[in-house]
Amino acid sequence: MRVPNSVVLPVGTHVDCCQEEEVEKKRHDIMAKIRAMLAERKSNLAHFINNLEGSKEPEFYVDQWEKLKEMESCTLTILNLVAVNCMDHHDIKKLEATILKHVKNEELFPEVVRVLPPVYRQGEAAIVDIAQSEEMADHGMMDLQYLLSKLSQCKHLANLGRELLQDILRYLHRIGLVVWYEEIKHLESTVFLQPTFLITMFKLLVRYRLVQQLESIS
């Protein structure tokens with residue numbers, strides 16, 4: 001809701017836990033709740049903005065007003081929910097095809113036709129090589145500065161600077177090839193070259209009915 005021109009694809013999982021006739025009903029219910037949530041947010045923002053504009057001394061609230069107006073201008077496109085059974089390979093492929101279809105839609109993502117500088121492709125290829133090398137630990141974690149030094153040893157990346165590497169990492173993070181939490185202070189100097197390791201960790205820590213499973217242990 002805070003990112004300009006966001007596009008969100010809701011995904012409903014655990015279809016295998018539902019009766020066939022329930023799926024469409026739940027899909028309709030979820031989309032209705034999302035639309036209601038967005039309408040409420042829009043109404044609340046308009047209410048707060050009107051209150052500030054109608055205050056006796058509006059000049060004291062300029063910063064708050066600008067922040068609210070900025071949030072009000074953030075458009076959010078909600079695509080139709082995709083219902084999947086995560087245990088079914090066919091459903092996973094269906095979800096993958098749906099995502100690819102949407103991200104190739106120039107109306108949703110105008111930047112999809114943007115041509116990347118060659119150094120981005122060279123950096124991506126070099127990072128993939130490093131991630132797949134035998135010396136890479138299974139967790140795939142690497143210090144940002146060390147990664148820069150490794151990449152600088154490559155023929156086409158000898159002049160690669162830290163700022164350009166960070167730009168490349170932002171791009172690779174957006175497409176899901178690596179994970180880099182630059183906004184988290186304790187993690188900003190760490191790059192995860194193996195996102196699947198994080199997924200495995202999250203699966204261990206965040207899982208369906210985790211509380212009930214823990215409570216069942218004597």
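Helices here are DSSP runs of H or I with at least four residues, and strands are runs of E with at least two, both numbered from the N terminus. Counted in this way, the protein, which is a predicted model, has eight helices and six strands.

**The whole chain**

Begin with the whole protein in a cartoon view and follow the elements from the N terminus, where the order reads β-β-α-α-β-β-α-α-β-α-α-β-α-α. The protein is more spread out than a compact globule, because its radius of gyration is 22 Å, well over the 17 Å that the globule rule gives for 218 residues. If you align the view with the principal axes, the C-alpha atoms fill a box of roughly 60 × 55 × 45 Å.

Switching to a surface display, you are looking at an accessible surface of about 15900 Å², with 55% of that area belonging to carbon and sulfur atoms. Of the 218 residues, 27% count as buried. Colouring by charge should pick out 26 positive and 32 negative side chains, and the centres of these two sets lie 2 Å apart. Contacts can be surveyed at this stage as well: among those between residues at least 6 apart in sequence, 58% join residues at least 24 apart.

**The two domains**

Next, select residues 7-104 in one colour and residues 118-200 in another, which correspond to domain 1 and domain 2 of the domain assignment. The centres of domain 1 and domain 2, taken over C-alpha atoms, are separated by 31 Å.

**The N-terminal stretch**

Select Asn-5, which sits in the segment before β1 (6-8). Asn-5 counts as exposed, because its relative accessibility is 58% and the cut-off for exposed is over 50%. Now add Leu-76 to the selection: although Asn-5 and Leu-76 are 71 residues apart along the chain, their C-alpha atoms are separated by 5.7 Å.

Moving along the chain, stop at His-14, which is placed in the loop between β2 (11-12) and α1 (20-53). The backbone deserves a look here, since His-14 has a positive phi of about 60° although it is not a glycine. As for its surroundings, His-14 counts as partly exposed, with a relative accessibility of 34%.

**Strand β6 and helix α7**

Then go to strand β6 (residues 190-192) and select Thr-190, which is found in that strand. Is Thr-190 buried or exposed? Its relative accessibility is 16%, and because buried means under 20%, Thr-190 counts as buried. Show side chains for Met-141, Met-142 and Trp-180 as well, as Thr-190 touches these three when residues up to four places away in sequence are not counted.

The last stop is Leu-198, which lies in helix α7 (residues 195-205). Leu-198 is also buried, its relative accessible area being 11%. Which residues does Leu-198 touch, not counting those up to four places away in sequence? Select Val-179, Tyr-181 and Phe-192 to see these contacts of Leu-198. To finish, display the C-alpha atoms of Leu-198 and Gly-140, which are 58 residues apart along the chain and separated by 9.3 Å.

Key. Residues numbered from 1 in each chain as written. Predicted model: local features only at pLDDT ≥ 70, side-chain atom pairs only at ≥ 80, totals over all residues. Heavy atoms only, no water. Rg over C-alpha atoms; globule rule 2.2 N^0.38 Å. Buried < 20%, exposed > 50% of the residue type's maximum accessible area, 1.4 Å probe, protein only. Contact = heavy atoms within 4.5 Å. Areas by Shrake-Rupley, 256 points an atom, 1.4 Å probe, with all protein chains shown as cover. Lys, Arg positive; Asp, Glu negative; His and termini not counted. Charge placed at Lys NZ, Arg CZ, Asp CG, Glu CD. Domains from an automatic or database assignment.
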